[in-house]
Amino acid sequence: MKKTHLAFDGALKPYIRYCTLKTIAVKEGAPVRNKTQADPWPSFVISLGPAIHLAGPDGGSTLPKAAAFGAGETPGEVEFRPGHRHLTFSFFPGKAHPFFGSSLREFTDRAVPLSECWGQEGRILEERIQEFSSPAQVKAVIEAELLRRLNLFEGYPAAVQASLQVGLGSKGRASVGALAAAGGCSPAHLKRLFTQWVGLTPKVFARIIRFQALCDALSPAEKPNWAGLSYDFGYSHQSPLIRDFQDFAGESPLRFYESVVIPASLPNSPLKAFQPDPTPFHAH
């Protein structure tokens with residue numbers, strides 16, 4: 001898998017974590033499957049070439065070639081076919097609202113086509129994207145639309161941003177009460193704000209951030225000490241850690257380490273190509 005980071009307009013930097021072009025090395029006739037984990041980072045993903053296939057017990061489904069992805073609460077598995085590339089705009093938690101156009105909860109665990117997300121403008125962009133031959137052209141039209149929508153945006157609730165700073169800065173270890181106190185509001189009000197602006201409840205957001213921080217600390221060169229990691233990342237004992245892996249990765253910690261962390265470290269591995277990088281754990 002080859003990943004290229006692309007520069008984007010400075011006005012978007014407080015909102016977008018990164019823009020990347022990923023090319024998946026898939027041999028002809030041999031689709032590659034990639035496990036994905038829960039994550040709090042909304043994104044726009046545009047497939048260039050074959051579309052991404054979502055695996056599932058019922059045979060799965062084909063994802064839209066240009067789509068808005070909300071935060072993810074559940075794990076999944078995607079399949080790439082020969083010739084696949086995709087362009088990704090990954091957003092900071094709580095910063096995607098002006099670009100998605102409605103409550104982020106409507107996008108949680110969903111891939112929403114641009115035509116559904118942006119209406120007529122989305123349908124026009126989908127048609128234009130099909131005509132382009134280069135990723136640079138696709139990036140330019142998406143970026144122009146993001147800038148247009150940003151100019152119409154009226155601002156964020158201060159409570160959301162203050163709470164996100166504490167949640168990200170603590171790597172998910174701050175309590176919901178601490179997040180609410182940072183935002184100067186009640187836990188119930190913060191839950192309503194997070195549901196709209198982040199797409200996750202504060203509790204689930206904190207759990208996913210802590211889970212991703214722990215995953216980011218795993219090294220293929222050193223067998224994990226799960227008891228030590230439980231302590232280091234603020235788990236009361238190993239049972240909640242195991243529960244988070246089951247809920248957010250769909251497998252046990254050891255199985256995740258063996259099936260994702262080690263294979264993903266191999267040269268040219270296509271694993272983890274579809275999910276965003278878990279770092280940096282901060283908000284702008």
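This is a short chat about two cysteines and two loop residues in a predicted model.

Visitor: What should I know before I start?
Guide: The model is predicted, so local features need pLDDT of at least 70 and side-chain atom pairs count only at pLDDT 80 or more, while totals for chains, interfaces and linings use all residues. Residues are numbered from 1 along each chain as its sequence is written, and side-chain values use heavy atoms, with hydrogens and water left out.

Visitor: OK, how many disulfides are there in the whole structure?
Guide: A search of the whole structure turns up 0. A disulfide here is a pair of cysteine sulfur atoms within 2.5 Å.

Visitor: Why is C117 not bonded to C19?
Guide: Their sulfurs are 17 Å apart, which is too far for a bond.

Visitor: And is C19 buried or exposed?
Guide: C19 is buried, because its relative accessibility is 1%. Buried means under 20% relative accessible area, exposed over 50%, and partly exposed in between (1.4 Å probe, protein chains only). C117 also counts as buried, at 14%.

Visitor: New topic: where is D109?
Guide: D109 is in the loop between helix 1 (97-100) and strand 10 (111-113). Helices (H or I, at least four residues) and strands (E, at least two) are DSSP runs, numbered from the N terminus.

Visitor: What about the phi of D109?
Guide: It's positive, near 60°, and D109 isn't a glycine. D109 is partly exposed, at 40% relative accessibility.

Visitor: And what is the phi of K171?
Guide: About 55°, so a positive value again in a residue that is not a glycine. K171 lies in the loop between helix 5 (158-169) and helix 6 (176-183), and K171 is partly exposed at 36%.
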